[in-house]
Amino acid sequence: MVEFYFSANLGEPPKPLAKVASGGEMSRLMLALKSLLSKVETVGTFIFDEVDSGVGGRTIHQVGEKLAKIAQSKQVFCITHAAQVAAFADVHYGILKEENGQRTRTLVSSLLEAERIEELARMLGGGEIAITRKHAQELWQRSRGHS
């Protein structure tokens, strides 16, 4: 059996990862590991399912930047509910579930730029509010300038 030890804070001794890592720490650790692996891994596609879970503030923007960096050399699929991460995507898909009688269908569509900004605003919690749209536009523009 293999057990990983982890210390998230300066001065703390390493302890079993499974016992001490929060959801956010686990997400960041997995992103760090996959980021390192992307430099040597022969797999062409990396899939991240809510790797930003439990992360907020400036850190969530850094998650988006890190994913964009990995995407420079690998194909990245990322499922996220965070506009700060979604803004970095080269392609953004909208997913909609619709109920029709006794069936539920899932619709997936590639979003155009204007639709992406509206979706970012919706993800921020208020697509119909002007200030949220402005914030979404700023996120979009800021993410286009990353390197």
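1. Let's start with the pairing of Arg144 and Trp140. In this predicted model, the charged end of Arg144 sits over the ring of Trp140, at 4.1 Å from the ring's centre. A similar heading covers Lys34, which lies over the face of Phe48, 4.9 Å from the centre of that ring.

2. Phe48 is worth a second look, along with Phe46. Searching the whole structure turns up 1 aromatic pair. It is formed by Phe46 and Phe48, whose ring centres are 6.4 Å apart; their planes meet at 15 degrees, under the 30 degrees cut-off, so the pair counts as stacked.

3. Are these two rings buried or exposed? Phe46 has a relative accessible area of 7% and Phe48 one of 2%. Both values fall under 20%, so Phe46 and Phe48 are buried.

4. Phe46 and Phe48 also belong to the largest nonpolar core, which has 11 residues in all. Its other members are Leu31, Val51, Val55, Ile60, Val63, Leu67, Ile70, Ala82 and Val85. Strand 3 (45-49) and helix 3 (57-70) each supply at least two residues of this core, and helix 3 gives the largest share, with 4 residues. As a general pattern, nonpolar side chains in soluble globular proteins tend to be buried together.

5. Now to one member of that core, Ala82. Leaving aside residues up to four places away in sequence, Ala82 touches Asp52, Ile60 and Met123. Apart from the largest core lies another, of 10 residues. Its members include Ala86, Ala87, Leu139 and Trp140, and Trp140 brings us back to the ring under the charged end of Arg144.

Conventions: Residues are numbered from 1 along each chain as its sequence is written. This is a predicted model: local features need pLDDT of at least 70, side-chain atom pairs count only at pLDDT 80 or more; totals for chains, interfaces and linings use all residues. Side-chain values use heavy atoms; hydrogens and water are left out. A nonpolar core is a set of buried Ala, Val, Leu, Ile, Met, Phe, Trp, Tyr and Cys residues joined through side-chain atoms within 4.5 Å. Buried means under 20% relative accessible area, exposed over 50%, partly exposed in between (1.4 Å probe, protein chains only). Contact means heavy atoms within 4.5 Å. Rings of Phe, Tyr and Trp (its six-membered ring) pair if their centres lie within 6.5 Å; planes under 30 degrees apart count as stacked, over 60 as edge-to-face and the rest as tilted. A charge sits over a ring if NZ of Lys or CZ of Arg is within 6 Å of the ring centre and within 35 degrees of the ring normal.
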